[in-house]
Amino acid sequence: MESNSPPAAPSGRLPGSSATPVHRRTLRDLWRLFGPYWSCERRRKVRGAALVLFLLTLAQVGLVVWLNYWNRALFDALEQRTASGVLVQVAVFALIFLLSIAVTAAHLMVKRALQLDWRAWLTERLVGRWLEDGRHYRLQFSEGRHDNPDQRIAEDIRIATESAIALAHTLVFSLLTLVVFIDILWTVSGSIVLPGTDVQVTGYLVPLAFLYAGLGSVLGWMFGRPLMRTTNDLQTAEATFRFGLSRAREHTEAIALMHGEPLERAWSARRFRQVVRDWDRQSWAYLGLVSFSTGYGTLLPVFPILVAAPQYISGAMTLGVLMQAAQAFQRLTSALSWPVDSIGEIARCRASADRVLSLYADMQRLDDDAPGEPRPRIVIDRTGNEHFVVENLCIAGPSGRVLLESLDATVRRGERVLVKGDSAVTSRLFKVVAGVWPWGSGRVLLPDHGSALFLPQRPLLPEGSLREALCYPRTPAEFDAGEARRSLEVVGLGWLVPRLDDTDNWEQALPLQAQQRLGFARALLQRPAWIFMDNATNAFDPGSERQILEVLQQELPQAAMLTISLHPGLEAMHHRTLELSLAQETKFLFDGRRANGAPAH
């Protein structure tokens, strides 16, 4: 029998399935998700901000060049021991200083605005897709690396978009710096004669800078390569740890009542031990990279001075030119070393982008059949008529295991039908009608969506005021205050009327029966034409259950009701009974091992 509960752990795959292989995302895959932002409906604003950011980057490079020439003029003035010359350079530096602050501040604000806008666009896109057509629910039963979707949307999108723009800026800055300072360094380094030969090398500091940076890049990538993998693993472990703590917070009452704290602590400790292991692996990866980077950076300002010192000693180069050449060498090698300097941020950005793309791809697979292997799906149509029709319905589990076969039924407006039978079947039928269970075949013709209300066993009570919880999924502005009060009084929740505008965690503040009564008050307030109930009265005693159903029938006599209940004695309150049985013969509608990686259990 298929389990009636979603996977308990955020494994990202069905229970019993094998581990999902990690698919490396190509740049083309990443661009398909992140790239459309630059051509979206507000592309003029986006491209305008990008252009301003580029112009400000040009200004930053210009200021760096100006500072390089100022450095030469300052040391020449110091070498000549002219106070007036030094004072002039102090005044020039003050101007460079003020302009640098202004350009950097403007650049920061534009960059952060663009980062936030890109994050907002991508968040809206993924949240909209995640919270559409029940994908957030169906995703639990599909294979893939989509654990902790909330963390991927909230945290990984932020990291990916912020890092991508920051990396793009530093890359453009480095490329522009590279172009400018090659010319400067070539000019100021002059030429040298190779010892023991008559060969004269012009602009010798330029190839030395390339050689220095090239060796640094190769060694840096070698030392930093493990950082990509360890960063991804650590972020996954951190997200799983946060998920466990969030789950404990959401189920705090049940944990306290069952005294499950020791087990919860053990699970939390186990998840944190994985964080520690991945942290240690990342630390070792950082150790090699940081050790190399420290030596590389310490040698960088000294190396060009030592190389060019013979020219200064011989008088072929002034002190100002020597210092300008040393600074130009540093700027050039820093620009060439961008891959090494950015490897940590690249790893962080790539890991987060992979996690976001994995979630998006798995949601896409929920809607797409495998190439060449179309799977049967339950077809949901909305006709807007006065009938609810089920045609040749077969309900299966995500693995393809058939639970119910060949169901045909018609329910007319105003009719009350009691649905009984195996809970594995009745619960799935409720989810099929709600449009969140696609596994199976056949056709379901639903009435207009806006006229239907679904009452699950535990109604959703969102954060906010009691009035907002009562009106959910609509807004309080759509209802009269008197109607809201009356709906609570009629279902026996008159004691909550004074708290209509109070804010509380209602799932914790109200007992289950009061929550279920609130669901019925929601039905009376919204007055739907169709009501689908799945064990929505299982917290009631028999007398209270009959009473609340009578209230519902009296207040909404024209509404059709499909009541799924395991309680006996409700037949008299319904026009007819629909008995559902679990399929006796084990058969599979499709091969789950090929279709979605789940074992056919």
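Is Glu463 buried or exposed? Glu463 is exposed, because its relative accessible area is 77% and the cut-off for exposed is over 50%. Keep in mind that this is a predicted model.

Staying with that residue, Glu463 sits in the loop between strand 8, residues 452-455, and strand 9, residues 464-465. Glu463 is also one member of a negative surface patch. The other members of the patch are Asp150, Glu250 and Glu507.

There is a nonpolar surface patch as well. Leu51, Phe54, Leu55 and Leu58 make that one, and its area is about 350 Å². For orientation, Leu51 belongs to helix 2, which runs over residues 43-80.

Now the interior. The largest nonpolar core contains 38 residues. The residues with the most contacts inside this core are Leu470, Leu488, Leu518, Phe520, Ile531, Met533 and Leu552. Which elements supply at least two residues each? On the strand side, they are strand 8 and strand 11, the latter at 530-534. On the helix side, they are helix 14 at 466-471, helix 15 at 481-490, helix 17 at 512-526 and helix 18 at 542-555. Helix 17 gives the most to this core, namely seven residues.

Next, backbone geometry. I have three items.

The first item is a peptide bond. Tyr472 and Pro473 are joined by a cis peptide bond, with omega about 10°. Pro473 is in the loop between helix 14 and helix 15. Those two helices came up a moment ago, as each supplies at least two residues of the core.

The second item is Asn392. What is notable about the phi of Asn392? Phi is near 45°, a positive value in a residue other than glycine. Asn392 lies within strand 4, residues 387-396. Asn392 counts as partly exposed, because its relative accessible area is 47% and partly exposed covers the range between 20% and 50%.

The third item is Arg527. Its phi is near 50°, again a positive value in a residue other than glycine. Where is Arg527 found? Arg527 is in the loop between helix 17 and strand 11. Both of those elements supply at least two residues of the core. Arg527 itself is partly exposed, because its relative accessibility is 49%.

To recap: Glu463 is exposed and part of the negative patch, helix 17 gives the most to the largest nonpolar core, and the cis peptide bond is the one joining Tyr472 and Pro473.

How values were computed
Residues numbered from 1 in each chain as written. Predicted model: local features only at pLDDT ≥ 70, side-chain atom pairs only at ≥ 80, totals over all residues. Heavy atoms only, no water. Patch = residues over 30% accessible without salt bridge, like charges linked within 9 Å, V, L, I, M, F, W, Y side chains within 5 Å. Areas by Shrake-Rupley, 256 points an atom, 1.4 Å probe, with all protein chains shown as cover. Salt bridge = Lys/Arg side-chain N within 4 Å of Asp/Glu carboxyl O. Lys, Arg positive; Asp, Glu negative; His and termini not counted. Charge placed at Lys NZ, Arg CZ, Asp CG, Glu CD. Helix = DSSP H or I, 4+ residues; strand = E, 2+ residues; numbered from the N terminus. Buried < 20%, exposed > 50% of the residue type's maximum accessible area, 1.4 Å probe, protein only. Core = buried A, V, L, I, M, F, W, Y, C linked by side-chain atoms within 4.5 Å.
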